[in-house]
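I opened this model to go through its strands and helices one at a time. These are my notes, in the order I looked things up.

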Amino acid sequence: MDFESLQKPLVRTVLLKDQDIPLVLMPVSISGYHHGYILVWNTYKELQDVDYIALENAAMSFALERIRNNELERTKNRIRRDFFDALLSGNLKDQENLQYLCETHGLNPSLHYTPMVMDIHFMPKEPPDNLLERKRQEDDKVKEALRFLDGYGKGKNFVLHAFSQNTQIILLLGRNEKEPLSKEDLKQLTLGLCESIEEKIEETTLHVGIGKTAGHLLTLHQSFGEAKEALRLLDTRHR
């Protein structure tokens, strides 16, 4: 049975500790999009019609709240992405405005940042049936990588900001200027990061281009251009 296609509550009985316990599985769907389920263990008495009406209303409220939260998250991500796009394209020129935007988006302007551009190559054991399914799976891999990267820098002597740009992941690795990384140290750190992601996310391989560490955020776009060019040359060699 395709549970995601359900529109009405499903009543079933589960054997638990030699006792049959009825349950109600209420799908949470709206506009053809599935958000999950509400599970009710019927341990006291059978649900009445009014209970089912309340359950359907709860499912609708839950679905609408999920939609609202998703839209808020998308809006926040778009604003944050617009800031990084402007920063990495060199369109931010004013120091005072930059300071304000850094505070808004959690970027410490006193650190020295090294930009990296990461390509995630998707290599499924069973190729998707169509291009739309492949695109969906690739997007899921990128989201999974971003969730992993969100916690990767915690407890380390650097900060890591990660966001997606088209089909790539952009990384900004921030370090205190009193603790610079040598090229070899940076290479080993990046190698360890890639190995961790490839181990965490199956059927993927990574290519990363690294730019030089920028002395100031206002010149970060120059280093970002170097990272993109390094990745282009790397991809060319692997074709």
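**Entry 1: the hairpin**

I started with strand E5 (residues 159-165) and E6, which run antiparallel and are joined by 7 bridges. The model is predicted, so I keep that in mind throughout. I looked up Gln 165 next: its bridge partner in E6 is Gln 168. The hairpin of E5 and E6 has 2 residues between the strands. Of interest there is Asn 166, which takes a positive phi near 60°.

**Entry 2: strand E6**

Is E6 mostly covered or mostly open? I find it mostly covered: strand E6 spans residues 168-175, and 7 of its 8 residues are buried. I then followed E6 to its pairing with strand E4 (residues 112-122). That pairing is antiparallel and has 8 bridges. Within it, I noted Met 116 opposite Leu 171 in E6.

**Entry 3: the four-stranded sheet**

Next I traced the whole sheet. I count 4 strands, ordered E5-E6-E4-E7, in an open sheet with antiparallel pairing. Which strands stand at the edges? They are E5 and strand E7 (204-210). Each has a single partner strand, so one side of each is left without a neighbour in the sheet. I also took the turn between neighbouring strands: on average it is 25°, direction ignored.

I went back to E4 for its pairing with E7. The two are antiparallel over 7 bridges. Met 116 appears again here, standing opposite Ile 210 in E7. So I have Met 116 down twice in my notes, opposite Leu 171 in E6 and opposite Ile 210 in E7.

**Entry 4: helices on that sheet**

I checked what lies across these strands. Helix H4 (residues 183-200) lies across E4, E6 and E7. I read its angle to E7 as about 155°. H1 lies across E5 and E6, and runs at about 100° to E5.

**Entry 5: the three-stranded sheet**

I moved to the other strands. Here 3 strands make an open sheet in the order E1-E2-E3, with antiparallel pairing. The edges are strand E1 (10-16) and strand E3 (33-41). Each of them has a single partner strand, so one side of each is left without a neighbour in the sheet. For this sheet I noted an average turn of 30° between neighbouring strands, direction ignored.

I looked closer at strand E2 (residues 19-30) and E3. They pair in the antiparallel sense over 8 bridges. In E3, Leu 39 stands opposite Leu 25. I then asked which strands H1 touches as it packs on this sheet. I found contacts with E1, E2 and E3. The direction of H1 makes about 45° with that of E2.

**Entry 6: H1 against H2**

Last, I took the pair of helices. Helix H1 (residues 49-88) and helix H2 (residues 95-105) pack at an angle of about 140°, and their axes are 11 Å apart. H1 and H2 are therefore oblique to each other, as angles over 145 degrees would count as roughly antiparallel. I put the crossing down as left-handed.

Which residues make the contact? On H1 they are Ile 79, Arg 80, Phe 83 and Leu 87. On H2 they are Leu 98, Leu 101, Cys 102 and His 105. Sorted by class, I have 6 nonpolar, 1 polar and 1 charged residues in this contact.

Conventions:
Residues numbered from 1 in each chain as written. Predicted model: local features only at pLDDT ≥ 70, side-chain atom pairs only at ≥ 80, totals over all residues. Heavy atoms only, no water. Buried < 20%, exposed > 50% of the residue type's maximum accessible area, 1.4 Å probe, protein only. Pairing = 2+ DSSP bridges. Axes fitted to C-alpha atoms, helices over the stretch in contact; angles between N-to-C directions. Parallel < 35°, antiparallel > 145°, perpendicular 65-115°, else oblique. Left-handed = near helix turned anticlockwise from the far one by under 90°. Contact = heavy atoms within 4.5 Å. Nonpolar A, V, L, I, M, F, W, Y, C, P; charged D, E, K, R; others polar.
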